[in-house]
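Please open the structure in your viewer and keep the selection panel at hand. The tour below moves from one selection to the next and says what is to be found at each stop.

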Amino acid sequence: MSLVLTEAIASRFENVVGSSYVRTGPAELAGYEIDGVPPAILVRPASAEEAAAVVQIAVEEKCSVIPCGARTSLAIGLMPARYDVALDMTRVEGIVHYDPGDLTISVNAGTRLAALSKVLADKKQFLPLEVPFFEEATVGGAIASGLDSPLRHFYGTARDFVIGAEFVDGTGALAKSGGRVVKNVTGYDFHKLMIGSLGSLTVITRVNFRTFPLPTSRRGFVASFVQEDGAFEFVRDLVASPLTPVVLEVISREFVDSFLGEKSSAASLFRDAQAWTVCVGFEGSNEVCERYERDLTQLSRTASAQSATVVNDLEFAALLNVLREAPALMKDRAAHSLVLRFVSVPGNLRELLRVLNSFASSSQISCVVLVRSASIVYVAVSPGDGEETTLRQIASLCKSIETLRKQMDLSGVLLFCPRQWKAELSVWNQTADALDIARRVKNSFDPGGTFASGRFLGGI
Amino acid sequence: MNPAITSELQSSLGPRNVLYRPEDLALYEYDGSVDRARPELVVFPSSTADVSRIVKLAVKRDVPIVGRGAGTGLSGGALALGGGIMIAFGRMNQILEVDLENRRAVVQPGVVNFDLTRAVEHAGLYFAPDPSSQKSCTIGGNVSENSGGPHTLAYGVTTNHVTGLELVLPDGEIKRIGGKLSDSLGYDLCGLLVGSEGTLALVTEITAKLSKKPEAVKTLLAIFETVDDASETVTDLTARAITPAACEMMDGWTLCAVEDYVHAGFPRDCGAVLLIEVEGLVEAVASQSAGIEEVCRAHNAREVRTAKDDQERELLWKGRKTAFGALGRLAPSNYVLDAVIPRSKLPQALRRVLEIGKESGLNIGNIFHAGDGNLHPLVLFDPRDRSQFERAVKASGDIVRYCVEIGGALTGEHGVGMEKSELMTLMFSDADFALMRRVHNQFNPTGLLNPGKVFPMGKGCGETRVRTSPLHSSVAV
């Protein structure tokens with residue numbers, strides 16, 4: 001955008017949000033860079049109505065807008081094709097409506113997850129949206145980035161507890177879907193489309209959730225295995241048992257070494273960690289938790305666990321924090337960390353791990369692995385020197401995965417990646433069918449292509 | 001209907017798969033709601049390719065199309081409002097794959113809900129959505145309407161149990177979205193399509209999640225002298241964070257009709273009962289049911305019974321699930337409403353329903369999913385009595401409007417269909433409709449697929465509302 005044009009448009013934005021909340025200086029814009037590209041203008045509306053007015057101007061001026069919250073996950077997605085306006089929603093914050101007796105809450109998109117969780121905890125409730133960057137991340141950002149929570153094993157993902165949303169669509173209109181009741185089939189479920197949309201459909205202004213009572217007790221169990229076979233036998237038996245744990249994660253030895261070392265508050269649980277450790281979390285009354293402890297101990301013996309430990313409430317909370325933050329920790333593990341996220345079905349997990357193992361041993365690059373809920377796999381690859389070689393090796397890993405994907409139910413995306421590699425590695429494209437339907441959705445919500453141009457799967 | 005279309009479909013699908021005689025079509029002019037609309041042709045495809053061919057032909061001839069499962073819907077979603085061709089999925093009823101390891105089933109849309117559970121229960125699994133009509137309704141219909149049921153309190157509605165769909169778009173193109181994976185790559189397209197009430201695409205295959213049966217189940221029947229006590233109990237259970245798997249309320253006088261029908265041992269002299277189910281580990285069920293009993297007693301429950309075995313439990317549930325049918329004993333016709341309220345407002349909402357009943361001079365029963373605030377007031381009337389009929393219509397409208405006013409929603413599980421399309425303006429703004437219309441038109445630009453549903457007149461897609469009987473013109477709730 002030319003300087004003159006930028007200033008003219010910026011002044012139109014100022015008329016809406018006030019001059020203090022429009023910025024065009026390089027220093028302030030630097031913090032909003034995506035893949036090294038800064039926006040031309042930063043706008044910080046105070047309300048949904050202001051955000052809508054900003055989008056209307058952007059549409060008129062043919063500007064490309066990328067909405068953001070705390071910007072913790074803004075790196076997820078393809079490189080923007082255009083990035084004129086950063087629409088920072090952090091001022092649109094606060095609880096709009098909370099009736100603890102209904103177990104529902106309506107919050108503005110800029111509200112921090114951590115602040116929301118304190119409000120809920122005061123009423124002995126919680127939201128199972130334990131996602132990475134938890135302390136800084138906003139509600140809107142967490143929904144748009146589509147990252148999941150270790151609690152998904154029982155509570156599901158955002159699609160299972162988001163009950164409504166308000167948003168600005170690509171015409172600058174404030175619209176909504178769903179409502180504030182826990183059961184509702186009135187109208188199209190647009191709020192589900194917001195989840196994981198990376199800001200490509202709307203500017204989320206408000207989200208309605210169903211909330212959950214905090215359990216009497218939430219404890220854990222950690223079992224470590226020398227062999228991958230043992231760990232996954234344990235997982236399989238657990239899934240087949242009557243137990244319904246809330247957390248079920250399998251972490252590699254490298255994960256323990258990287259994130260659960262001496263400095264971690266959960267370190268004491270992992271002193272005997274072997275190649276694979278299974279972390280289980282469960283909730284309920286004392287009797288229920290004791291039942292879990294008994295049955296899990298038995299199951300771990302059957303699967304020949306090398307060690308097994310019962311984890312108390314406090315220790316489990318510390319462990320849950322590490323598991324929650326895993327993708328963030330993986331991203332920050334090294335200067336050139338790549339974080340991949342795969343979605344598999346339980347039956348295909350081992351095949352995926354085989355490919356990852358074979359990559360690790362042939363490339364001499366260690367992989368940090370976390371398997372969530374027997375179907376989601378987070379992998380961090382942190383190469384050292386020799387960038388060119390590494391890039392080739394990783395490209396070849398991507399190719400092996402692509403081959404695998406053609407043979408079985410599996411999908412994967414590159415969550416975080418050094419910017420200079422992004423264009424080369426890209427993400428795995430979705431099927432042509434899904435892409436066709438996704439384009440129809442994009443065209444309906446954002447007919448002028450105002451939002452997050454080129455950032456979504458398939459270049460949407 | 002143009003005879004050329006009929007004969008083209010007959011040669012394409014075989015003569016036995018095309019109905020065109022008025023006496024045959026009459027069977028397809030109604031569903032579980034009070035509305036009626038007769039299709040001009042009913043066709044029975046046996047494959048996705050058949051469906052695609054039918055749709056292409058319909059588009060070429062500019063004929064409306066509507067999909068239909070078992071016709072048990074309660075909002076007119078599967079009625080041929082624009083006449084045209086009804087695609088009945090009854091013969092696409094194969095369970096194509098059961099993947100026990102990954103807990104998925106791939107089914108055709110005409111598979112009956114409960115048949116899927118029957119096919120997998122040997123492995124300790126089941127399909128969680130459990131509408132009262134689950135022994136006859138189809139999974140395709142469940143997907144279109146995003147159906148619920150008593151146990152959705154704990155396990156969610158249909159959308160929470162679907163991971164993949166095969167679609168035939170209104171131009172006849174076949175598309176697959178999602179699959180067995182728990183998370184979609186890209187937009188949650190299944191989330192948009194499930195519950196779109198057949199207005200965006202026809203669903204020809206569904207990948208469904210299978211759930212694990214709980215170790216223990218306990219069913220409680222709490223008996224109260226007044227509706228107030230029962231509803232205060234529900235509100236208190238929610239406030240105390242006790243979440244049963246199901247929590248259903250039936251009021252005293254409707255219960256008498258139910259008892260006459262099922263003989264399950266329901267009391268004939270109470271104000272209301274709560275049918276509450278807890279599921280999970282033996283230890284969890286024991287402590288939860290003790291907690292529930294305590295709350296019931298604190299709200300003056302006269303008695304809290306526990307079903308002593310599976311047989312008694314099934315009988316209690318049979319009473320609940322056949323209740324609407326049983327009420328046929330009390331009046332020639334009844335009208336089942338479906339609206340949702342915030343759960344903390346249950347006592348005041350039920351008091352208001354009672355008042356509206358008094359004002360209208362009609363009996364209104366209440367048999368509903370109390371735990372999630374999903375009301376089903378049941379207005380009894382004689383449709384031959386014009387005054388009764390009009391009062392029933394007014395009372396129904398008043399109830400639904402009140403529910404929305406106190407922060408609720410128009411429908412919890414039956415869908416908008418043609419029943420509530422005019423009431424959509426109570427919840428949605430012009431901007432909301434503009435967006436819905438853009439989405440609709442991206443999929444269904446000609447409006448030939450299921451015309452006249454979901455959108456109110458003037459906010460919709462240029463469709464003409466056809467109302468053929470007095471019933472249609474009057475029942476606008």
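What follows is a walk through a predicted model, beginning with the contact between two chains and ending inside one of them.

Start by colouring chain A and chain B separately, and then select the residues where they touch: the contact takes 57 residues from chain A and 66 residues from chain B. Staying on the side of chain A that touches chain B, pick out helix 7 (158-161), strand 9 (174-178), helix 8 (190-194), helix 11 (286-302), strand 19 (410-416) and helix 17 (432-445) of chain A, each of which supplies at least two residues of that side. Pause on helix 17 of chain A, since the largest share of this side, nine residues, comes from that helix. If you now colour the side of chain A that touches chain B by residue class, you will find 22 nonpolar, 18 polar and 17 charged residues.

Next, hide chain A and turn to chain B, whose domain assignment gives domain 1 (3-90), domain 2 (94-212) and domain 3 (214-328). Select domain 1 and domain 2 of chain B, whose C-alpha centres lie 22 Å apart, and look at the contact between them, which takes 17 residues from domain 1 and 21 residues from domain 2.

On the side of domain 1 of chain B that touches domain 2, helix 3 (48-61) and strand 3 (65-68) of chain B each supply at least two residues, and the largest share, six residues, comes from helix 3 of chain B. Coloured by class, this side of domain 1 of chain B shows eight nonpolar, eight polar and one charged residues.

Technical notes: Residues numbered from 1 in each chain as written. Chains lettered and ligands numbered in written order. Predicted model: local features only at pLDDT ≥ 70, side-chain atom pairs only at ≥ 80, totals over all residues. Contact = placed C-beta atoms within 7 Å. Helix = DSSP H or I, 4+ residues; strand = E, 2+ residues; numbered from the N terminus. Nonpolar A, V, L, I, M, F, W, Y, C, P; charged D, E, K, R; others polar. Domains from an automatic or database assignment.
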